[in-house]
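Biologist: I've got a protein with something bound to it and I'd like to talk it through. Could you pull it up so we can start with the ligand?

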Amino acid sequence: MKIDVLTIFPEFFREVFNFGIVRRARSANIVEITVYDIRSFTTDKHRMTDDRPFGGGDGMVMKCEPIFNAVEKIVGTTERENYPQGTRVVLLSPQGRVFKQVVARKFAEDAKHIVLICGRYEGVDERVNEVLVTDEISIGDYVLSGGEAAAIVLTDAITRLLPNALGSETSAENDSFTNNLLDCPHYTRPPEFRGMRVPEILLNGNHAEIERWRAEKALEKTKKVRKDLLEGVEK
Ligand code: 9WO
């Protein structure tokens with residue numbers, strides 16, 4: 001899988017992909033992540049990535065041209081219909097459909113090449129969305145100062161689902177959300193800390209009972225804080 005990030009703040013990504021599962025997946029060539037500076041695709045003297053909004057109003061809008069140039073260079077074409085099979089050009093935006101574990105799974109399965117476009121200022125010229133973008137995606141109902149943090153979220157969530165990314169010790173099957181449940185509580189040593197005991201059942205070595213306890217706790221927690229997950233309704 002190839003993941004390319006388009007941003008006016010490439011420095012933002014300097015270290016984030018150098019830790020844990022993502023770092024290991026990169027080392028093992030399971031994923032290749034490249035961060036591109038949108039400014040390097042400008043052609044004007046002042047290397048402008050933004051300009052004033054048509055129709056007036058506050059703030060600036062990101063220009064089409066450098067983003068079209070970037071996609072043309074990186075994907076090979078600016079015609080969505082002609083993208084190589086498995087190409088996704090994603091615009092991170094609060095106006096997009098909401099990113100969920102099922103979406104991460106779908107991308108990890110089908111996508112070969114993901115281009116993540118990070119907006120800044122008041123937004124991106126809509127012609128980018130109309131022509132280049134295959135998926136407009138939001139990571140949740142809040143406004144950020146730009147798409148960069150969202151691009152990190154997608155990259156992390158998708159990379160860890162790629163075949164062999166997790167290694168043999170762990171599996172994505174037990175992850176929260178795989179079965180529409182939140183995760184169960186976890187404990188480690190010591191068995192008593194400042195008077196707080198680890199639940200006895202986890203210490204007795206009966207794995208069938210432990211699995212039953214974990215399932216029960218996961219369900220309890222989900223009912224309490226995320227009833228919508230159980231009802232299968234969007235919230
Ligand atoms: C601002 C705003 C205010 C009220 C109602 C809707 C609104 N949408 C926006 C908006 O899209 N602002 C963006 C801020 C403009 C481009 C940079 N910003 C941003 C936020 N980029 N990406 C996000 C974001 C948020 C959640 N998930 C993915 C991306």
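Biologist: Which ligand atom does a polar side-chain atom of Gln-95 lie 2.9 Å from?
Modeller: Bear in mind this is a predicted model. Gln-95 is among the residues that come nearest to the ligand. Its polar side-chain atom sits 2.9 Å from the ligand, and the partner there is a nitrogen atom.

Biologist: And how far is a polar backbone atom of Gly-147 from a nitrogen atom of the ligand?
Modeller: Ile-139 uses its backbone too: an N or O atom there lies 2.9 Å from a ligand nitrogen. For Gly-147, the polar backbone atom and the ligand nitrogen are separated by 3.3 Å.

Biologist: How much of the ligand's exposed area does the protein bury?
Modeller: There are 19 residues around the ligand, with Leu-144 and Gly-146 also listed among those that come nearest. On its own the ligand would expose 590 Å². The share of that buried by the protein is 72%.

Biologist: Let's move to Asp-4. Is it buried or exposed?
Modeller: Asp-4 belongs to strand S1, residues 2-7. Beyond its close sequence neighbours, Asp-4 has contacts including Thr-34, Tyr-36, Ile-74 and His-113. Its relative accessible area is 1%, and the cut-off is under 20%, so Asp-4 counts as buried.

Biologist: What percentage of the residues in the whole chain are buried?
Modeller: The chain is built with seven helices and nine strands. It runs to 235 residues, and the buried ones make up 40%.

Technical notes:
Residues numbered from 1 in each chain as written. Predicted model: local features only at pLDDT ≥ 70, side-chain atom pairs only at ≥ 80, totals over all residues. Heavy atoms only, no water. Helix = DSSP H or I, 4+ residues; strand = E, 2+ residues; numbered from the N terminus. Buried < 20%, exposed > 50% of the residue type's maximum accessible area, 1.4 Å probe, protein only. Contact = heavy atoms within 4.5 Å. Near = heavy atom within 4 Å. Polar contact = N/O pair within 3.5 Å; in protein donor to acceptor, adjacent residues only side chain to side chain. Areas by Shrake-Rupley, 256 points an atom, 1.4 Å probe, with all protein chains shown as cover. Lists of a residue's contacts leave out its neighbours within four places in sequence.
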